[in-house]
Amino acid sequence: MAKVTLYGTPNSRATRVLWALKELGVEYENVPWDFRKGETNTPEYLAMNPMPTIPTLKDGDIVIHESLAINLYLAKKYPGGELGKLSEQDESHAMQWSLWSMWNVERHTTDILMHTFLLPEAKRDANTAERAKEALQRPLQAIEKVLSKSAYLLGNKFSIADLNLASIAGSLIRFNVDLSKFPHFKAWLDKCRARPAQIAAAELQATAAKAA
Ligand SMILES: N[C@@H](CCC(=O)N[C@@H](CS)C(=O)NCC(=O)O)C(=O)O
């Protein structure tokens, strides 16, 4: 299998793709370019991704950006490990949950991240972070219902749909969002986060964060 190239420091959303690559057992090279150092604002990078954002993946002639789309692509092209080939129905549901996660969860976790950690203190607005935590209640209630009926999003087996949502929702732990009202969701999230591939990707992220 030819190596794929993942552009983006592990200290970014590239960790999600590293998690997927490790689950699937795909050989890869990581080019740890970092937007914080201006490394993605070059003509070379912008020819692959019109936004100076990471991650971007190159697989032969195929170049793709958007972390969750990259993961869906990888899972389809290289079904491996426990993530076998998906049926047409499961594949569409994996897309459904991935898009759902971006809008219903990541929109709010990004607000919490920006207004708790990333923005300079003078620009942080505690109310925006609080409102984001409140807004998360509705999608969390919905996903709690789903996960009270099945162990994973697509049934009884971990899939790329779980990986994509858990890679966003993992930040809820870091942000100390109270999950006590969502026990099935919390148990599912803990199970996903305990996977060796996730732990390995998180270690790469921690190492890159320390070196930054
Ligand atoms: N929706 C995109 C978001 C990509 C993104 O915003 N990545 C951040 C790093 S985690 C970035 O490169 N930010 C630089 C910028 O916004 O200029 C994805 O999931 O890949």
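**Core, domains and sheet of a predicted model**

Modeller: Leaving aside residues up to four places away in sequence, Leu165 touches Trp97, Ser101, Val105 and Leu153. The model is a predicted one, and the contacts are computed from its atoms.

Biologist: What makes Leu165 count as touching Trp97?

Modeller: Two residues are in contact if their C-beta atoms, placed from the backbone, lie within 7 Å, and Leu165 touches Trp97 in this sense. Leu165 also belongs to the largest nonpolar core, where Val17, Ala20, Leu21, Ile160 and Leu165 touch the most other members among 46 residues. At least two residues of this core come from each of β1, α1 (14–24), α3 (67–77), α4 (88–118), α6 (137–149), α7 (160–169) and α9 (183–193). Domain 1 (4–82 + 198–211) and domain 2 (88–195) each contribute at least three residues to this core. As background, nonpolar side chains in soluble globular proteins tend to be buried together.

Biologist: Why is α1 called largely enclosed by the rest of the structure?

Modeller: A residue is buried if 20 or more other C-beta atoms lie within 10 Å of its own. In α1, 10 of the 11 residues are buried, so this helix is largely enclosed by the rest of the structure. The buried residues of α1 include Arg16 and Glu23 as well as Val17, Trp19 and Leu21, and what covers the buried residues of α1 includes β1, β2, β3, α3, α7 and α10. After α1 comes Gly25, with a positive phi near 70°.

Biologist: Why is Gly38 called exposed?

Modeller: The cut-off for an exposed residue is 12 or fewer other C-beta atoms within 10 Å, and Gly38 has 11, so Gly38 is exposed. Gly38 sits in the loop between β2 and α2 (43–46). Between Gly38 and Pro52, which are 14 residues apart in sequence, the C-alpha to C-alpha distance is 8.5 Å.

Biologist: How do you know which strands are the edge strands of the sheet?

Modeller: The sheet is open, with 4 strands in the order β2-β1-β3-β4 and mixed pairing. In this sheet β2 (28–31) and β4 (62–65) are the edge strands, as each pairs on one side only. Neighbouring strands are turned by 20° against each other on average, direction ignored.

Biologist: How do you know that β1 and β2 pair?

Modeller: Two strands pair if there are at least two bridges between them. Strand β1 (residues 4–7) has 4 bridges to β2, in the parallel sense, so the condition for pairing is met. One opposed pair is Val4 and Tyr28, the latter in β2. Strand β3 (residues 56–59) is joined to β4 by 4 bridges, and these two run antiparallel. Asp59 has Ile62 of β4 as its bridge partner. The hairpin of β3 and β4 has 2 residues between the strands, and in this hairpin Gly60 takes a positive phi near 65°.

Biologist: What makes up the side of domain 1 that touches domain 2, by class?

Modeller: The domain assignment gives domain 1 (4–82 + 198–211) and domain 2 (88–195), with C-alpha centres 20 Å apart. The contact takes 12 residues from domain 1 and 13 residues from domain 2. On the side of domain 1 that touches domain 2, at least two residues come from each of α1, α3 and α10 (196–211), and α3 gives the most, with 5 residues. By class, this side of domain 1 has 6 nonpolar, 2 polar and 4 charged residues.

Key. Residues are numbered from 1 along each chain as its sequence is written. This is a predicted model: local features need pLDDT of at least 70, side-chain atom pairs count only at pLDDT 80 or more; totals for chains, interfaces and linings use all residues. Axes are lines fitted to C-alpha atoms, for helices over the stretch in contact, and angles run from 0 to 180 degrees between N-to-C directions. A nonpolar core is a set of buried Ala, Val, Leu, Ile, Met, Phe, Trp, Tyr and Cys residues joined through C-beta atoms within 7 Å. Domain bounds come from an automatic or database domain assignment. Ala, Val, Leu, Ile, Met, Phe, Trp, Tyr, Cys and Pro count as nonpolar, Asp, Glu, Lys and Arg as charged, and the others, Gly among them, as polar.
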